[in-house]
Amino acid sequence: MQPRQHSNAANRLDRLPVSRFHKLTLVAVSFAYFFEFADINSFATTAPRLITLWDVTVSQVAYVTSLSFVGMFLGSVAAGWVADRWGRKKALTWTTLSFGLFSFASVFSWDLVSLGVFRVLTSAGLSAMTVVAVIYVSELYPAAVRGKYQAYAIVIGICGTPVTNLIASAVVPLSDWTWRLVYLWGSLGILFVLFARHLQESPRWYESKGEYAAADAVLSRIESRVAAERGPLPEPEPPVEQPPPAKAPIRLLLQKKYLLPTALLTVLWVTQTIGFFGYSSWAPTLLAKEGFGVEQSIFYVALTTLGAPLGSYLASLVTDRFERKWCLVAFGSVIALCGLFYGLSFNPVLIVVFGFLVNLFERGYTALGYAYSPELFDIRGRSLGTGISYGLGRLSNAAGPLIIAALYNSTGYQSVFYFIAGTWILGAVVLAVFGPRTKRAAVPAPAGHADPARTV
């Protein structure tokens, strides 16, 4: 008798009611996100102090920031391979530990070069963790609430940004060494190991490796836990027979069905990366250069990031109710407008108000993008497509800081924000014209086989 070529993971997971299992997974992923967002702007919040302490120039800040995004690209690409080779759960644990350990190493930096090296390695781990977390949530949660729980994870995780900025505004000015405490704080992501043992591997990943018995065992454990809490479960939709899984080489993305979504998502993440990090990575330094004190500039930026959790929560309200494509277009357009007003404002109140709105809608945009990206691929192309497109987006900002530094040095502060607004408008237009709809789409089944749960 032929061995069964499925474990019906998609349908068995999609018919589960939300339970403690899903909520515990949410807490674990949110913890990883919290310290990712806590650490991602650490250099931006300490750069104004280093400019005076180590006699660092704006151009040198640009080079360190640029190299960090090269690290993000390498981490994103490696993440897809690691997640496919060793599994989503292990990859999530390893990548979170890596950025925590390298952030800890940053505490002991002795000059800009050593700090730059540690920041590149930290950034690789940060970006790798994000790619794996996006894939993990997309594969483990029911299709009807997947977008909402991606956003919930960001709502909790994004609190790491304002918390870190407020910590930085308090400790950085204290003495010549207290900036190091910002990196020590970011290193606490290593405590993710306390959550790892409570997580389950993705049954969809086991299916993609042809390990149907392992997938069935994980599904049975999840189902028994959910049934014990929520009562008898409904029968899943009947399975669709699948061919034996095949390896997914990188040239797979050159096929038309993968190339088009990869190109689209590359534009999405390129414009998001340059548009957001051009703003967040530079705001403290540029404000300080424009005459605001170091303490003032860090504090103003800390206040603006309070909008970030609200933005992710806003995304959770709209992501499963409206078409994600059009939500992304709307959010991107609003960010462009608010970011432009931020750059044209020199009144502290207006700086905080428009910066708050930029953070609010940008974090909503990111949460929507995390839900949207993996839905454009089937299981074979999901890790590669998500990792490559996200990584190319991060790599693009290797040039972004250099462009921003050149614009600032040649034409001034306001030109930086015209450039940033333009990147957001470009992303919105490309999504509006070429972005496919994915509303309430289940994560697609392997190539060539219809997924009965898919509704697009």
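Start by selecting R363 and E362: both of these residues are buried. Show their side chains and you'll find them meeting in a salt bridge, 2.5 Å from N to O. Keep in mind as you click around that this is a predicted model.

Next, bring up R12, R15, D216 and E223 together. Salt bridges with shared partners join these four residues into one network, so it's worth having all of them on screen at once, given that a salt bridge here pairs a Lys or Arg nitrogen with an Asp or Glu carboxyl oxygen within 4 Å.

Now zoom out a little. How many salt bridges does a search of the whole structure find? The count is 11, and two more of them make good stops.

For the first stop, pick R119 and D39. Their side chains form a salt bridge, with 3.3 Å between N and O. Colour helix α6 (residues 112–140) and helix α2 (residues 20–40): R119 sits in the former and D39 in the latter, so this pair ties together parts that are 80 residues apart in sequence. Buried or exposed, these two? Both R119 and D39 are buried.

For the other stop, select R146 and E375. This is a salt bridge too, and its closest N and O atoms are 3.5 Å apart. R146 belongs to helix α7 (residues 146–157), while E375 is in the loop between α18 (348–372) and α19 (379–396), so here the parts tied together are 229 residues apart in sequence. Add a surface if you like: R146 and E375 are both buried.

How values were computed. Residues numbered from 1 in each chain as written. Predicted model: local features only at pLDDT ≥ 70, side-chain atom pairs only at ≥ 80, totals over all residues. Heavy atoms only, no water. Helix = DSSP H or I, 4+ residues; strand = E, 2+ residues; numbered from the N terminus. Buried < 20%, exposed > 50% of the residue type's maximum accessible area, 1.4 Å probe, protein only.
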